[in-house]
Structures are given as C-alpha cells and as structure tokens.
Amino acid sequence: MMIPIATITANGSTSAFDFQNIPQTFTHLQLRCFVGINTGSVFFCAINNVYNNTKYPWHRLYGDGASTASGSSTTDNQMLISDLANSATTFGSFIIDILDYTNTNKNRVIKSIGGFDKNGSGQVSTSSGLYIDTTAVSRITLNSSGGNVLAGSRVDLYGITTSSVTGA
Amino acid sequence: MPITPAAASAGSVKGAVVPIAYYNNAGSAFGNYTFSNIPQTFQDLMVVIYGRDASTGTSPWMSQLNYRFNGDAGTNYSQTRLYGSGSSAVSDRVTSQTSTNTDPLVFSGAGANIFSTTVTHILNYTNASIYKTFISRTSADANGTGWAVITAGLWRNASSGITSLSVYGGVGGFTAGSSIELFGIRSIGQ
C-alpha cells in the first residue's frame with residue numbers, strides 16, 4: 001500500500017525540496033516530482049544531508065528526441081536525477097524510488113524515470129544511483145543546480161508498505 | 001460510449017492509489033474509449049493499459065497507442081521518446097500532433113496471447129495554469145521482436161485540468177482481453 005507522507009510546494013523562492021525526519025515505518029519510498037525552472041538546471045538527490053563525492057556513483061540512459069546517450073559519474077557529491085526543462089511553461093515529471101530504505105545491511109539504490117517535452121525539444125531519461133552507505137534514510141533533499149524552481153513545482157513523498165501501518 | 005467513473009470517496013479506500021474506473025468491454029474487443037468526468041480530487045492520474053491491436057499488422061508488429069485529453073483534437077500534443085528494439089537504441093520526437101503518439105501497442109499478428117503493457121503517469125493533472133506533462137513506460141515483447149519504451153509527452157493546455165481522457169487503440173482498436181484502468185494518486189489531505 002502506498003501512503004502519502006509529505007508534500008513540498010515551491011513558492012518561487014525554493015531551490016531544494018528537503019524532506020526531514022522521514023518515518024522509518026515503511027518498506028520503500030517514492031518521490032513524485034513535478035518541477036519547472038526557467039534556466040538550465042540539473043535535478044539532484046542527496047541522502048541524509050550527506051554531500052560526499054565518494055558516495056554517489058550513478059548511471060543514466062537518456063534521449064533528446066534526436067539521439068540517445070548514456071552518462072555516469074563516480075565523483076558527484078549527490079545523485080543526478082535528470083536535466084530540468086528550462087522553460088516557463090513546461091514542467092518536468094519524475095518518479096524516484098528508493099527501495100528498502102531502512103535496511104542497515106544494504107547500501108541504497110536510487111532509481112528514477114522521467115522527463116519533459118517542449119514541442120520541439122525535450123528529454124526522457126532513466127537513472128540509477130548507489131548511495132554507498134548503509135545508514136537508514138531519514139532525510140532526502142532534491143536540489144536544483146540552477147537555483148529557485150518555478151512556483152507551482154512540487155514534490156510528494158510516499159511510503160510503501162506491505163503492513164497495515166498508516167502514514168501522516 | 002463514454003463511461004462516467006464513479007466518484008471515489010477518500011474515506012472508502014485506504015492508501016494513495018485509488019481506482020477510479022476500469023474497462024475491458026466485458027472481455028470483448030473494443031475501439032476507442034473515453035473516461036469522462038474524471039474527479040478533480042487527486043494529485044496525479046495513472047493509466048494502466050494491457051492491450052493488443054485487433055489488426056494483424058506486419059513485423060515488427062508495432063502499432064501505436066494514442067491519448068487525447070478533454071476531447072482536444074487540436075495540434076497540441078508532442079512527445080520525446082526513448083526506446084530499445086533489441087538491436088538498437090533510438091530517441092525520436094513528434095511535434096504538434098492531434099493526439100499523443102505515445103507508445104507501441106502490439107499487433108495481433110505478433111502471435112497468440114501476446115499483449116503489451118503501458119503505465120502512464122500524469123502528475124498535477126488538475127493544474128489549470130500549466131501545460132500537462134506525462135510520463136509513460138511501455139513493455140512489449142513478441143519473441144523475436146519487442147520494445148522497451150519510455151516517453152515524455154506534453155499537452156499544451158494551460159487553461160484547464162484534465163477532465164476526460166480518450167484512449168485510441170492503434171489501427172484496429174483493442175482486441176478481446178485488452179483492459180484500461182484509471183487510478184487517482186492522492187497526496188496529503190486528499
């Protein structure tokens with residue numbers, strides 16, 4: 001069962017969506033992101049307020065409507081999710097999953113799918129990242145490298161459980 | 001014939017994923033289908049399609065699945081797509097279309113009992129001031145041909161939320177056994 005935990009809506013002065021004190025009562029987490037920005041920007045994910053360039057290797061596959069590409073890094077201090085739309089009228093949509101987020105015997109895998117289309121340009125991508133740390137996830141921060149995102153952008157955090165626990 | 005979905009009561013279903021409507025024409029083949037009067041009480045929509053084009057088609061057996069929102073038949077749809085066919089990876093685009101040209105739907109000539117599945121997410125669908133973006137993921141394998149597809153699409157309407165969704169089944173409509181499900185994803189307080 002998927003349970004809503006929290007929502008953050010941007011007001012025009014928001015460059016990061018910071019979810020703190022995440023309940024440890026679910027099995028998996030999902031973030032559903034609807035984000036716009038009117039400048040070139042990349043969307044990143046950091047875990048537990050840790051910004052460490054040895055902890056976030058990632059890979060991705062993406063297409064821009066003309067060609068396919070694949071990228072990777074082992075030196076970023078947070079995980080790359082996707083480019084953002086760089087548009088005043090078109091927002092990107094992204095779904096990010098973190099499975100087994102409380103398990104202290106596993107490093108964390110972060111996967112995402114999403115993109116945007118601007119009727120002549122755009123990008124669609126799928127990314128996977130490894131957070132090299134077995135600490136349970138209690139905080140997730142999604143950052144925009146280009147600064148403040150557009151008002152109306154929002155991220156919803158959900159917990160997924162197989163038990164009968166209820167959320168917020 | 002459009003089917004009006006029953007309003008989902010927030011108190012009657014637990015969890016964030018709420019079924020709004022389901023259609024399979026009682027197991028028979030059907031053509032285009034429209035969900036009307038979609039409740040505006042959720043945060044996102046999710047469409048789940050298990051389908052097969054009733055036309056025989058030709059190899060590589062890839063028909064197409066189209067959406068249209070609020071009955072809009074103007075050139076207000078576009079998408080960017082990424083897919084792999086087993087032999088190559090491709091990214092392509094269409095612009096200013098009269099419906100989405102979103103995902104492959106497998107032709108019936110691909111073989112008996114072979115269907116494709118598509119899950120489409122439409123986030124923030126009630127927002128009447130922003131263009132609507134959707135993300136689709138489709139899987140289709142015909143034992144020798146096939147596709148893994150992800151699509152980012154746009155409906156350039158910034159004056160209303162999505163109140164109806166029409167689904168068009170490729171060339172010949174949907175075969176018997178096809179199904180279309182519409183879910184609402186609710187957020188805090190919904």
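Two strands count as paired here if DSSP finds at least two bridges between them. Keep that in mind for the first stop, and remember throughout that this is a predicted model.

**Stop 1: the sheet in chain A**

Select the strands of chain A in the order β1-β12-β3-β8-β9-β10-β5-β6. You're looking at an open sheet of eight strands, paired antiparallel. Colour β1 (2-9) and β6 (68-73) of chain A separately: these are the edge strands, each with a partner on one side only. Now tilt the view to see how the strands turn: on average, neighbours in this sheet are rotated by 15° against each other, direction ignored.

**Stop 2: one strand pair up close**

Hide the rest and keep residues 108-117 and 122-131 of chain A, which are β9 and β10. The two run antiparallel, joined by 10 bridges. Which residue of β10(A) stands opposite A:Ser112? Show sticks and you'll find A:Ser127 there.

**Stop 3: where the chains meet**

Bring chain B back and select the contact: 43 residues of chain A and 37 residues of chain B take part. Together the chains bury about 3,000 Å², with 64% of that on carbon and sulfur atoms. On the chain B side, pick out B:Arg93, B:Leu123 and B:Ile188. This trio supplies 19% of the area that chain B buries against chain A, more than any other three residues.

**Stop 4: the largest pocket**

Next, centre on A:Lys111, A:Ile113, A:Thr126, B:Arg137 and B:Ile150, the closest to the pocket's centre among its 27 lining residues. The largest pocket holds about 510 Å³ of space. Strands giving two or more residues to its lining include β9 and β10 of chain A, the pair from Stop 2, along with β9 (132-141) and β10 (146-155) of chain B. Which strand gives the largest share? That's β9(B), with four residues. Colour the lining by class and you get 15 nonpolar, eight polar and four charged residues.

**Stop 5: the cavity**

How many cavities of 30 Å³ or more are there? The count comes to one, and its volume is about 30 Å³. To find it, select A:Arg32, A:Phe34, A:Arg154 and A:Asp156, then add B:Gln43, B:Asp44, B:Leu123 and B:Asn124. From chain A, β3 (28-35) and β12 (154-160) each give two or more residues to this lining. By class, the cavity lining has four charged, two polar and two nonpolar residues. B:Leu123 should look familiar: it lines this cavity and was one of the trio at Stop 3.

Key. Residues numbered from 1 in each chain as written. Chains lettered and ligands numbered in written order. Predicted model: local features only at pLDDT ≥ 70, side-chain atom pairs only at ≥ 80, totals over all residues. Heavy atoms only, no water. 1 Å grid on protein atoms, 1.4 Å probe; cavity = no way out; pocket = protein on both sides within 12 Å on 5 of 7 lines; lining within 4 Å. Points joined across faces, edges and corners; volume = space filled by probe spheres on them. Nonpolar A, V, L, I, M, F, W, Y, C, P; charged D, E, K, R; others polar. Axes fitted to C-alpha atoms, helices over the stretch in contact; angles between N-to-C directions. Contact = heavy atoms within 4.5 Å. Buried area = accessible area lost by both parts, 1.4 Å probe.
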